[in-house]
Each structure stands twice: as structure tokens, then as C-alpha cells.
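Biologist: I have a new model open and would like to learn how to read it feature by feature. Could you walk me through it?

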Amino acid sequence: MTPARTDHDSRRQDVSEAVWQVLAEHGFGGLTMRAVAAALGSSTGLVTHYFAGKRELIAHALDILEVRTAQRPRQAAPAPGRAALRTQMLNILPLTPDAAAMNRIWVGSWDVALSDPDLFAAQSLRYERIRVGLRTSIEDAQRLGELPDGDSGRLATTVLAFTHGLVVQALFDPERLPAATQTRLVDDFLAALTR
């Protein structure tokens with residue numbers, strides 16, 4: 001008798017939760033079949049039923065990370081344009097302990113994504129989606145006269161580069177870059193764009 005579909009789906013969800021637990025505690029460096037099995041309280045045989053190898057496990061972990069990032073609480077933009085752009089930037093930053101933990105995992109994922117062509121391509125698409133969202137807010141701000149006219153795609157790349165640079169600095173030096181300082185730096189950056 002084969003197990004019911006709901007049993008399979010439930011078990012797959014349990015495996016995904018174990019993958020997330022390992023990521024949250026040990027990052028991508030500690031993500032192994034054995035670590036997931038230990039978090040699940042099962043054998044590695046069960047884990048290999050869902051993932052043929054480490055690469056599949058990492059790809060699944062990146063998918064989980066993207067879903068959890070999309071589902072985490074975010075500030076809502078009070079208005080389109082520059083206000084929406086500011087909100088998007090703040091939503092990326094490690095302003096809370098949960099956001100810091102999520103950012104640590106994302107930064108840890110860069111190494112594995114850079115070393116695998118398929119994971120690299122998937123990660124590149126993720127960052128392109130972020131730039132598209134930023135570009136939309138930039139174009140709204142330009143139409144509203146809140147930002148000068150110019151190449152919105154180039155500016156979106158600059159905004160994302162600034163934001164990710166601030167993420168890395170805040171992760172390595174949280175004492176010097178608490179949430180209030182990060183927010184002030186975003187406001188300074190946006191003010192400089194309008195000059």
C-alpha cells in the first residue's frame with residue numbers, strides 16, 4: 001500500500017522545515033544531508049528520498065529562502081515614487097533581528113550560487129526581479145518630479161549596490177550600524193539623488 005499523498009506532502013514539509021532549521025543555525029556551510037536528517041530526527045536515507053544530492057538540497061534551500069523572504073513582514077509603502085523606493089530599500093536591510101538572520105543566510109548563499117552555473121542563473125534572476133521593482137519606483141519618482149530624469153535601470157543597479165553594501169557592513173558591524181543609523185544612511189543616499 002502506497003502512502004497517501006497528504007502523508008508525502010506533510011513529510012516533504014517536515015523536510016523543508018528541517019532544511020530551514022539547519023540554514024538558520026549553521027548557514028549554507030553547515031547544510032548537509034546528515035545535518036538535515038539530524039534536524040528531522042531521521043536517517044539520511046529519508047533525506048536522499050527528497051534530494052538526490054547536495055546540489056538539489058542547496059537549490060531547495062534557496063527556494064525556501066526566497067519564499068520566506070517574500071513572506072516576512074515588510075513595511076508598506078506610504079505612497080508611490082520616492083517613498084516606495086525608500087520602503088523597498090528599508091525592507092532589504094537588517095533592521096530587525098529576523099531581518100538580520102535572513103540577510104546572514106542570503107549573504108552565505110552567494111558563495112554556493114557563484115560556484116554552480118544553474119544556481120548562479122537562478123540567483124541572477126532573483127536579483128533582476130529586485131532591480132525591476134526598484135526601477136518601477138524610480139520611474140514613478142521621476143514622473144512625480146521627486147527624482148531627476150535619467151536611466152532608471154542604471155539607478156536601480158546603483159540603489160541595489162548601495163543597499164547590499166549597507167547590508168554587509170551592518171552584518172559585520174551591528175554596533176556601529178544599528179537600525180536608526182541604517183535608516184539615516186538610506187535617507188542621506190536618497191537626498192543625494194535629488195541634488
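Modeller: Gladly. Let's begin with burial: a residue is called buried when its relative accessible area is under 20%, and exposed when it is over 50%. Keep in mind that this is a predicted model.

Biologist: Which residues of α7 are buried?

Modeller: They are Leu119, Gln123, Arg126, Tyr127, Leu134, Ser137, Ile138, Ala141 and Gln142. A general idea helps in reading such a list: an α-helix has 3.6 residues a turn, so residues three or four places apart point the same way.

Biologist: What do the buried residues of α7 pack against?

Modeller: Their partners are α4, α5 (82-92), α6 (97-114) and α8.

Biologist: How do I check the length of helix α7 against its end C-alpha atoms?

Modeller: Take 1.5 Å a residue: the 27 residues of α7 (residues 117-143) should then span 39 Å. The end C-alpha atoms are 38 Å apart, so the two values agree. Helix α4 (residues 54-71) can be treated in this way too: its 18 residues should span 26 Å, and the ends lie 25 Å apart, which agrees.

Biologist: What should I look at around the ends of α7?

Modeller: At the N-terminal end, Asp116 acts as a cap, with a side-chain oxygen 3.0 Å from the backbone nitrogen of Asp118. Just after the helix, Gly145 has a positive phi of about 75°.

Biologist: Now α8. Is Ser152 buried or exposed?

Modeller: Ser152, which lies in helix α8, is buried because its relative accessible area is 9%. Its side chain makes a polar contact with the side chain of Glu139, at 2.7 Å. Setting aside neighbours within four places in sequence, Ser152 is in contact with Arg135, Ile138, Glu139 and Gln142. Two of these, Ile138 and Gln142, appear among the buried residues of α7.

Biologist: And which residues does His164 contact, leaving aside its neighbours within four places in sequence?

Modeller: Trp110 and Tyr127. His164 is in helix α8 (residues 152-172), and it counts as buried because its relative accessibility is 16%.

Biologist: How should I think about pockets?

Modeller: Rolling a probe the size of a water molecule over the atoms shows where empty space is left. Here, the largest pocket has a volume of about 510 Å³. It is lined by 21 residues, and the closest to its centre are Thr69, Arg74, Ile92, Arg126 and Ile130. Helices α4, α5, α6 and α7 each supply at least two residues of that lining. Thr69 is also one of the buried residues of α4, and Arg126 one of those of α7.

Biologist: Which annotations from UniProt can I lay over the model?

Modeller: The unreviewed UniProt entry gives "domain: HTH tetR-type" for residues 9-69. In the model that span is 80% helix and 0% strand, with its end C-alpha atoms 22 Å apart. UniProt also places a "DNA-binding region" at residues 32-51 (unreviewed entry). The chain over residues 32-51 is 75% helix and 0% strand, and the end C-alpha atoms are 11 Å apart.

Biologist: Where does Gly41 lie?

Modeller: Look in the loop between α2 (33-40) and α3 (44-50). Gly41 counts as exposed because its relative accessibility is 69%. For a sense of the fold here, compare sequence with space: Gly41 and Ala18 are 23 residues apart in sequence, and 9.2 Å apart in space from C-alpha to C-alpha.

Definitions and conventions: Residues numbered from 1 in each chain as written. Predicted model: local features only at pLDDT ≥ 70, side-chain atom pairs only at ≥ 80, totals over all residues. Heavy atoms only, no water. UniProt positions renumbered as here; feature names shortened; annotations may be inferred. Helix = DSSP H or I, 4+ residues; strand = E, 2+ residues; numbered from the N terminus. Expected span 1.5 Å × (residues − 1). Buried < 20%, exposed > 50% of the residue type's maximum accessible area, 1.4 Å probe, protein only. Contact = heavy atoms within 4.5 Å. Polar contact = N/O pair within 3.5 Å; in protein donor to acceptor, adjacent residues only side chain to side chain. 1 Å grid on protein atoms, 1.4 Å probe; cavity = no way out; pocket = protein on both sides within 12 Å on 5 of 7 lines; lining within 4 Å. Points joined across faces, edges and corners; volume = space filled by probe spheres on them.
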